Amino acid sequence: MKEISIGLGLVLMLTIHCAQAQDKIDAQEIAEYQTNLMVQELALNEDQQNEVEPINLRYAEKAAALLNAEGSMFSKIGDIQENNQQKKDTLSTVLTEAQLKKYEDKLEPTFRQYFRNKMRQ
């Protein structure tokens, strides 16, 4: 009986730890990272930077809410992809064609990897 209690306690502690780990997705931090990288890699001018900052924050908040929500990652994939497409559509009104191509080819994969790393922390 004592072993069962210890086992249940460990499972409960592990569950709590995993739940807390999911809440580590910080939209503000993600948006700042994305904006800084976009400024560097895409050579955004000041007007573009001022437009991109709130876009990144808005979609980072949506992504964080999705990732921090209850449910399996598999059930969230469609919503995450839709959020990413909406963001890209919005960015296409701010970026030049060349900047958008570089964003798709270089930055989107970088951002995906960044999210994966944040999820593992």
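## Five helices in a row

Reading along the sequence, you meet the pattern α-α-α-α-α. That makes five helices and zero strands in the chain. Keep in mind that this is a predicted model, so every statement below describes a prediction.

Of the chain's 121 residues, 30% count as buried. The accessible surface adds up to about 8,000 Å², and carbon and sulfur atoms own 55% of that. How much of the contact pattern joins residues at least 24 apart, among contacts between residues at least 6 apart in sequence? The share is 69%.

## How far to trust it

The average pLDDT of the chain is 84, and 80% of the residues score at least 70. The confidence isn't spread evenly, though: helix α1 (residues 2–22) has the lowest mean, 44, while α2 has the highest, 96.

Within the α1 stretch, residues 5–22 stay under 50 in pLDDT. For those residues the model has two contacts beyond four places in sequence.

## Helix α2

Let's take α2 (27–42) from its start. Aspartate 26 caps the N-terminal end, with a side-chain oxygen 3.0 Å from the backbone nitrogen of glutamine 28. The helix has 16 residues and reaches 21 Å from its first C-alpha to its last, close to the 22 Å expected at 1.5 Å a residue. After α2 comes alanine 43, with a positive phi near 50°.

Which residues of α2 are buried? They are Ala27, Ile30, Ala31, Gln34, Thr35, Leu37, Met38 and Leu42. An α-helix has 3.6 residues a turn, so residues three or four places apart point the same way. The buried residues of α2 pack against α3, α4 (73–91) and α5.

## Threonine 35, a polar residue inside

Threonine 35 sits in helix α2. Is threonine 35 buried or exposed? Its relative accessibility is 4%, and buried means under 20%, so threonine 35 counts as buried.

What does the side chain of threonine 35 pair with? It makes a polar contact of 2.9 Å with the side chain of asparagine 56. Setting aside neighbours within four places in sequence, threonine 35 also touches Gln49, Val52 and Glu53, along with that Asn56.

## Helix α3 and glutamine 48

The next helix, α3 (46–68), has a cap too: a side-chain oxygen of asparagine 45 lies 3.0 Å from the backbone nitrogen of aspartate 47, at the N-terminal end. With 23 residues, α3 reaches 32 Å from first C-alpha to last, close to the 33 Å expected at 1.5 Å a residue. Its buried residues include Gln48, Val52, Asn56, Tyr59 and Leu67. The buried residues of α3 pack against α2, α4 and α5.

Glutamine 48 is part of helix α3. It has a relative accessible area of 8%, so glutamine 48 is buried. Its side chain joins that of glutamine 99 through a polar contact of 2.7 Å. Not counting residues up to four places away in sequence, glutamine 48 touches Ala43, Val94, Leu95, Thr96 and Gln99. Glutamine 48 and leucine 91 are 43 residues apart along the chain, and their C-alpha atoms are separated by 9.6 Å.

## Two nonpolar cores

In soluble globular proteins, nonpolar side chains tend to be buried together. Here, the largest nonpolar core has 14 residues. Which of them touch the most other members? They are Met38, Leu42, Val52, Leu91, Leu95, Tyr103 and Leu107. The elements giving two or more residues to this core are α2, α3 and α5 (97–120). The largest share, four residues, comes from α5. There's also a second, separate core of 10 residues, including Ile30, Ala63, Leu67 and Phe115.

Methionine 38 is a good one to find in the viewer. Leaving out residues up to four places away in sequence, methionine 38 touches Ala43, Leu44, Val52, Asn56, Leu91, Leu95, Tyr103, Leu107 and Phe111.

## The end of the chain

Glutamine 121 lies in the segment after α5. Its relative accessible area is 48%, so glutamine 121 is partly exposed. In sequence, glutamine 121 and isoleucine 25 are 96 residues apart, but in space their C-alpha atoms are 9.3 Å apart.

Note on methods. Residues are numbered from 1 along each chain as its sequence is written. Side-chain values use heavy atoms; hydrogens and water are left out. A nonpolar core is a set of buried Ala, Val, Leu, Ile, Met, Phe, Trp, Tyr and Cys residues joined through side-chain atoms within 4.5 Å. Buried means under 20% relative accessible area, exposed over 50%, partly exposed in between (1.4 Å probe, protein chains only). Contact means heavy atoms within 4.5 Å. The expected span of a helix is 1.5 Å times one less than its number of residues. A polar contact is a pair of N or O atoms within 3.5 Å; within protein, one must be able to donate a hydrogen and the other to accept it, and residues adjacent in sequence count only if both atoms are side-chain atoms. Accessible areas come from the Shrake-Rupley method with a 1.4 Å probe; for residues, only the protein chains shown count as cover. pLDDT is the predictor's confidence in each residue, from 0 to 100.
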